[in-house]
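Subject: Structure handover

Hello,

Here is the structure for you to look through. My notes on it follow below.

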Amino acid sequence: MNDFDWKNLIDPLFYIHFDINGIKLGIYIVLFIVFAETGLFAGFFLPGDSLLFLAGIYSRDLIENIFFIQNDFANVILLATLVALAGILGNIVGYWFGSKSGYYLYNKEDSFWFKKKYLVQSKDFFEKYGGKAIIFARFLPIFRTFAPIVAGIVSMDKQKFMFYNVLSSFIWSFTLIFAGHYLYGFLLNNYQIDLKEHIEIIVIALVGITVIPVIYKFSKKSKTQE
């Protein structure tokens, strides 16, 4: 915390290793970010997919913020489950907010924290894919912030929403965290490649993989409107 730089806000490792006076708080920060990405508008700029992938690599370090578990598999399972629960809670808050504030959002002025075009495009995305949009949106930055809000605005059936909410949260969490954890071990044990020494490349690659579809979707939408 002594050498804070604004660039840290988009660095997943800053959150994973976050501490105050030696007290490690990484696990709590990770869970809050996952919640904020869908439960709060401020979450759209936070690292999501790259954060979970790296959390898988550092799963033992994160879980030890709470207590020590010797079994490696149990560490990963617990971390993935906690992240999934945070995602479920964030989506519930997003849905509630959308159901209560739909009219206000469509008439709200653009700001740093809020862009109405994202809301409109998320609504189009939701109308095209229906309940499956909740699952797809989990893997797409920006869309995962607005998908539950749009679900609330269009009054999606609550039971249906919760089904896709729980399913998508567990798929997203377990896929990325398990991928990070076991790919790290596989490459290290078989090829002596330590992913911890290539964090920047991993972050750039994951951002590219997740952001390119969003950019393509937005550009395609802009051309259609022209």
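**Cavity and its lining**

By class, the lining of the largest cavity has four nonpolar, two polar and two charged residues. The classes are as follows: Ala, Val, Leu, Ile, Met, Phe, Trp, Tyr, Cys and Pro count as nonpolar, Asp, Glu, Lys and Arg as charged, and the others, Gly among them, as polar. The model is a predicted one, in which local features need pLDDT of at least 70 and side-chain atom pairs count only at pLDDT 80 or more, while totals for chains, interfaces and linings use all residues. Numbering starts from 1 along each chain as its sequence is written, and side-chain values use heavy atoms, with hydrogens and water left out.

The lining residues are Thr38, Asn91, Ile134, Ala137, Arg138, Arg144, Ala147 and Pro148. Two elements, α7 (132–138) and α8 (143–153), give two or more residues each to this lining. The largest cavity holds about 40 Å³ of space, and the count of cavities of 30 Å³ or more comes to one. A cavity here is a set of points, on a 1 Å grid over the protein atoms alone, where a 1.4 Å probe fits but cannot get out, and lining residues have an atom within 4 Å of a point. Grid points are joined across faces, edges and corners, and the volume is the space filled by probe spheres set on the points.

**Overall layout**

The chain has ten helices and two strands, in the order α-β-β-α-α-α-α-α-α-α-α-α along the sequence. Both kinds of element are DSSP runs numbered from the N terminus: helices are H or I with at least four residues, strands are E with at least two. Of the 226 residues, 47% count as buried; buried means under 20% relative accessible area, exposed over 50%, and partly exposed in between (1.4 Å probe, protein chains only). Among contacts (heavy atoms within 4.5 Å) with a separation of 6 or more, 71% are between residues 24 or more positions apart.

**Cores**

A nonpolar core is a set of buried Ala, Val, Leu, Ile, Met, Phe, Trp, Tyr and Cys residues joined through side-chain atoms within 4.5 Å. The largest one has 38 residues, of which Ile16, Leu54, Ile57, Leu79 and Val83 touch the most other members. Elements giving two or more residues to this core are α1 (12–16), α2 (26–39), α3 (49–57), α4 (59–63), α5 (72–106), α9 (158–191) and α10 (199–225). A second, separate core of 21 residues includes Leu119, Ile142, Phe143 and Val150. Back in the largest core, Val83 touches Val30, Leu31, Val34, Leu52, Ser173 and Ile177, with residues up to four places away in sequence not counted.

**Helix α8 and Gly102**

Ten of the eleven residues of α8 are buried, so this helix is largely enclosed by the rest of the structure. The buried ones are Phe143, Arg144, Thr145, Phe146, Ala147, Pro148, Ile149, Val150, Ala151 and Gly152. Just after α8, Ser155 has a positive phi of about 55°. Gly102 is in helix α5 and counts as buried at 11% relative accessibility. The C-alpha atoms of Gly102 and Val150 are 8.0 Å apart, with the two positions 48 residues apart in sequence numbering.

**Two buried polar residues**

Ser168 is in helix α9 and is buried at 0% relative accessibility. Its side chain reaches the backbone oxygen of Tyr164 at 2.8 Å. This is a polar contact, a pair of N or O atoms within 3.5 Å; within protein, one must be able to donate a hydrogen and the other to accept it, and residues adjacent in sequence count only if both atoms are side-chain atoms. Leaving aside neighbours within four places in sequence, Ser168 is in contact with Asn91, Ile134, Ile135 and Arg138.

Asn65 lies in the loop between α4 and α5 and is buried, with a relative accessible area of 16%. The Asn65 side chain reaches the backbone nitrogen of Gly26 at 3.1 Å. With neighbours within four places again left out, Asn65 is in contact with Lys24, Leu25, Gly26, Ile27 and Tyr28.

**Positive phi in loops**

Asn21, in the loop between β1 (19–20) and β2 (23–24), has a positive phi near 55° and is exposed, at 78% relative accessible area. Gln192, in the loop between α9 and α10, also has a positive phi near 55°; Gln192 is exposed at 61%.

Regards

Note on methods. On a 1 Å grid over the protein atoms alone, a cavity is a set of points where a 1.4 Å probe fits but cannot get out, and a pocket is an open set with protein on both sides within 12 Å along at least five of seven lines; lining residues have an atom within 4 Å of a point.
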